[in-house]
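Visitor: I'd like to go through this one with you and ask how each label is earned. Can we put it up and start?

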Amino acid sequence: MSHDGVGLRAVTRSVAFLTAGVLAVPALAGCSEQDAAGKPAAGQDIASAKRDLVADGGTVHWAVDNVPETLNTFQADADAATSRVAGAVLPALYRLDANGRPQRNPDYLESAKVVEREPRQVVLYKLDQQAVWSDGREIGAADFTAQWRALSGKDTAYWTARNAGYDRIEKIERGANDLEVRVTFKKPYADWQSLFSPLYPKDVMGTPDAFNDSARRRLKVTAGPFAIDTVDRRSGDVTLKRNPRWWGRPAKLSELVLRAVPREKRAAALAAGRLDLAEIDAAEAHRITTAGREGKAAEGAPLAQGPGAALTPGRALRSWAIAHGSDEEAADEETTARRKRAKAALKYAGQQSSLRGFTVRKSLEPAFTQLALNGSEGPLADERVRRAVARALDRDELAKAVLEPLGLPAEPVGSHLALAGQRAYADNSGALGGQDTAEAQALLSDAGWVVGGPLKEEKKPKKAAGAEASGAAKGSKASKGSKDAKDAKDAKDSDDGDGSGDDGTYIVGGTDDKPADGESPTVLAPGKRDGASRAEKHLAQDGKQQLRPGGAPGAYAPRGTRAPGSAAAGPLAKNGKPLSLRFVLPSGPGSQSLRAVGDRIARMLDRVGIRTEISKVADDSYFKDHIASGQYDLALYSWPASAFPATDARPIYAKPVPAADGSLNVEQNFTRVGTDQVDQLFDQAVAELDADESRSLVRKADARIWAAAGSIPLYQRPQLTAARNGLANAGAFGFQTPFYEDMGFLKK
């Protein structure tokens with residue numbers, strides 16, 4: 001997951017959206033607005049050091065998942081590596097601070113403010129007088145104009161991933177001098193600070209050919225503390241060197257190398273000295289921490305600590321085998337096998353010794369994991385059933401299971417649209433309510449799902465696209481077989497992990513597009529299927545679809561309905577069909593913890609009478625064939641948080657509308673739940689130039705999203721980074737945009 005500040009917007013993000021209907025929402029807007037955001041649940045962990053303590057020179061090798069397919073962050077296949085390169089070599093007018101809030105970047109901007117509101121909004125940018133491109137040309141209005149025209153959406157020859165905000169600009173012109181740029185909007189735009197970060201030179205944005213093709217492989221002109229030296233796809237290295245024309249604080253490092261290393265190979269690469277900085281999973285973090293604790297005492301410890309057996313000399317192994325009745329051939333085989341194990345143990349021990357030179361930096365990613373409920377059809381089309389699912393969840397327990405073993409704060413996320421510390425954050429979960437078994441059962445009863453109802457013979461379900469054969473078969477057997485068969489299946493699923501560590505969650509719209517350590521790539525929603533439109537599209541259309549409203553919070557079953565017990569006495573049924581939901585989870589090796597969370601959720605739902613059929617599907621089909629196409633009832637994945645939720649979150653929660661070809665255009669709203677009211681609140685928020693009022697509208701929208709229960713935020717994702725000892729100003733950045741020029745090794 002990328003943390004490159006405002007640059008994250010270059011690759012689209014989103015969330016999911018719901019309907020509130022007549023549901024009551026707490027009147028939180030306007031009350032204690034300044035206090036509601038709070039502080040980040042965890043601070044950054046980067047071994048901060050003053051610049052005068054950092055040595056000049058040196059090279060840092062920083063792991064990325066892959067060499068970027070494009071260096072243009074505004075293209076659909078831009079990824080985390082693209083954003084990381086852009087953050088080091090291109091202007092960002094605003095960058096995120098440790099609270100996830102945008103701050104003016106003084107290296108490029110002396111000031112930027114709204115100077116006119118009527119009859120049009122006008123923003124005046126005053127650029128730093130030293131700000132120049134690497135070819136010596138001053139950064140100015142021509143670059144702003146070229147980027148606006150490329151991203152406005154008017155010229156379809158540009159293959160852009162998004163145009164949010166740029167489509168609201170009416171004109172761009174030079175101000176009183178070359179250092180001033182006046183941007184006039186045809187519609188008010190509250191998130192104007194999100195624009196022109198990163199800013200590309202007019203050479204890139206000036207023509208469709210340059211935008212579509214030239215900028216994919218190289219950037220001839222840059223303007224950051226670093227410049228691109230080489231992009232070597234064969235070796236997997238992107239080498240950045242100091243920019244000699246950089247006018248800001250000089251970069252401490254001579255070179256910054258972004259090295260493509262798969263996540264499952266990063267521990268070995270760290271030990272081999274090929275990496276100095278790498279995001280890692282919980283298992284690798286534990287291994288590095290253990291190596292550090294062993295210290296010098298471990299050097300004299302038996303080598304049997306690793307995965308191999310005791311290191312007995314080969315001749316002794318052979319003699320032992322013969323003495324115990326094995327013939328010489330069998331003895332030789334046993335000797336060979338034990339030698340291999342001994343060799344593996346030696347290798348492991350050697351790596352452990354090298355890993356003592358690293359420290360695990362820990363924080364929380366600017367992203368949260370959610371349970372998505374597909375409301376397009378089936379039982380979850382009824383808002384009461386979705387709310388029952390939500391009320392059955394113990395979000396505190398789930399957060400603790402993932403974060404406490406890592407020593408991280410285990411607070412459930414209270415907003416769909418921001419994270420603690422960000423200005424738009426407020427805990428609006430009260431609009432839905434906390435865990436309440438009795439309330440969940442009452443909602444199900446009100447929706448007509450009762451215990452012991454007659455069941456009709458079900459036809460064998462078709463195997464869903466992309467599902468593993470074994471997983472589909474197990475799911476079918478669980479729905480038809482005996483309770484013992486289901487219990488056995490549940491027990492097997494529970495062996496996938498303990499719920500701790502990096503959850504292997506999928507980041508939709510984030511920047512990690514390539515699979516790593518079994519995780520799914522970021523998948524851009526395909527064009528107009530009964531799935532999403534391209535995930536890069538941010539402006540949703542107003543639709544006429546009206547979803548069935550639910551009852552008010554606290555609604556119980558009608559008079560005469562049997563009161564629910566403390567736990568469901570058996571499976572629920574309605575119209576001859578059992579209440580069973582298909583829970584889709586990825587099957588990759590990096591998703592054990594995510595599956596463990598899914599297993600906990602399944603047990604929580606079982607307590608209120610909701611049965612789940614867990615289907616484990618291949619990573620490469622998880623989003624394309626299931627989430628984006630709507631082939632699921634329940635699923636777990638993550639959204640990155642945005643500093644500009646009125647713009648970035650709208651397509652995630654926009655109400656799906658019919659497309660011209662008859663399909664459903666869901667944008668990035670993979671739960672397919674939305675309302676006109678929430679759409680209107682987003683529209684009002686993005687056009688409101690009063691920051692406090694805009695924030696209040698965003699919080700109102702979030703409360704209604706909670707009430708509709710289309711997606712349930714669970715916990716903030718852990719961020720674990722291995723950093724070489726002595727490396728300063730680098731590690732687990734949390735919200736904050738990295739200061740690339742300050743990274744370096746401490747003076748000896």
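Visitor: Why is Asp-692 called partly exposed?

Guide: This is a predicted model, and in it Asp-692 has a relative accessible area of 48%. Partly exposed runs between 20% and 50%, so 48% puts Asp-692 in that class.

Visitor: And what makes Arg-695 buried?

Guide: Its relative accessible area is 14%. Buried means under 20%, so Arg-695 qualifies.

Visitor: How do you know that Asp-692 forms a salt bridge with Arg-695?

Guide: The closest N and O atoms of the two are 2.4 Å apart. The rule asks for a Lys or Arg side-chain nitrogen within 4 Å of an Asp or Glu carboxyl oxygen, so the pair passes. Both residues lie in helix H20, three residues apart, about one turn of the helix. An α-helix has 3.6 residues a turn, so residues three or four places apart point the same way.

Visitor: What about Glu-173 and Arg-182, why is that pair called a salt bridge?

Guide: Their N to O distance is 4.0 Å, and the cut-off is within 4 Å, so the pair is counted. As for cover, Glu-173 has 29% relative accessibility and Arg-182 has 23%. With the partly exposed class lying between 20% and 50%, both residues are called partly exposed.

Visitor: Which salt bridge links distant parts of the chain?

Guide: Arg-717 pairs with Glu-365, with 3.0 Å between the closest N and O atoms. Arg-717 sits in strand S21 (residues 711–724) and Glu-365 in strand S12 (residues 358–373), 352 residues apart. Both partners are buried.

Visitor: How many salt bridges does the rule give?

Guide: The count comes to 29.

Visitor: Let's turn to helices. How do you know that the length of H19 agrees with what a helix should span?

Guide: H19 covers residues 676–687, which is 12 residues. The expected span is 1.5 Å times one less than the number of residues, so H19 should span 16 Å. The end C-alpha atoms are 17 Å apart, which agrees.

Visitor: Which residues of H19 are buried, and what puts them on the same side?

Guide: Val-678, Asp-679, Leu-681, Phe-682, Ala-685 and Val-686 are the buried ones. They cover an arc of only 160 degrees around the axis, so they fall on the same side of H19. Their cover includes helix H17 (645–648), helix H18 (650–653) and helix H20 (691–708).

Visitor: Why is Asp-213 called partly exposed?

Guide: Asp-213 has 46% relative accessibility, and exposed would need over 50%, so it counts as partly exposed. Asp-213 lies in helix H5 (residues 208–217). Leaving out residues up to four places away in sequence, Asp-213 touches Trp-159 and Pro-208. The C-alpha atoms of Asp-213 and Asn-72 are separated by 9.3 Å, with their positions 141 residues apart along the chain.

Visitor: Which residues in H5 are buried, and what do they pack against?

Guide: Ala-210, Phe-211, Asn-212, Ala-215 and Arg-216 are buried in H5. The buried residues of H5 pack against H3 and helix H4 (202–205).

Visitor: What makes Arg-293 exposed?

Guide: Its relative accessibility is 71%. Exposed starts over 50%, so Arg-293 is in that class. Arg-293 is found in helix H7 (residues 282–294). Arg-356 is 63 residues from Arg-293 in sequence, and their C-alpha atoms are 8.1 Å apart.

Visitor: Which members of the largest nonpolar core touch the most other members?

Guide: Tyr-125 and Phe-196, out of 103 residues. Helix H3 (residues 141–151) gives this core its largest share, six residues. Not counting residues up to four places away in sequence, the contacts of Tyr-125 include Leu-93, Leu-109, Phe-144, Trp-192 and Phe-196. A second, separate core has 65 residues, among them Val-385, Ala-388, Ala-410 and Leu-432.

Visitor: How much of the protein is buried?

Guide: Buried residues make up 58% of the 748 residues. The protein has 20 helices and 23 strands, and its accessible surface comes to about 29,500 Å², 49% of it belonging to carbon and sulfur atoms.

Terms used:
Residues are numbered from 1 along each chain as its sequence is written. This is a predicted model: local features need pLDDT of at least 70, side-chain atom pairs count only at pLDDT 80 or more; totals for chains, interfaces and linings use all residues. Side-chain values use heavy atoms; hydrogens and water are left out. Helices (H or I, at least four residues) and strands (E, at least two) are DSSP runs, numbered from the N terminus. Buried means under 20% relative accessible area, exposed over 50%, partly exposed in between (1.4 Å probe, protein chains only). Accessible areas come from the Shrake-Rupley method with a 1.4 Å probe; for residues, only the protein chains shown count as cover. Contact means heavy atoms within 4.5 Å. The arc is that of the directions from the helix axis to the C-beta atoms. A nonpolar core is a set of buried Ala, Val, Leu, Ile, Met, Phe, Trp, Tyr and Cys residues joined through side-chain atoms within 4.5 Å.
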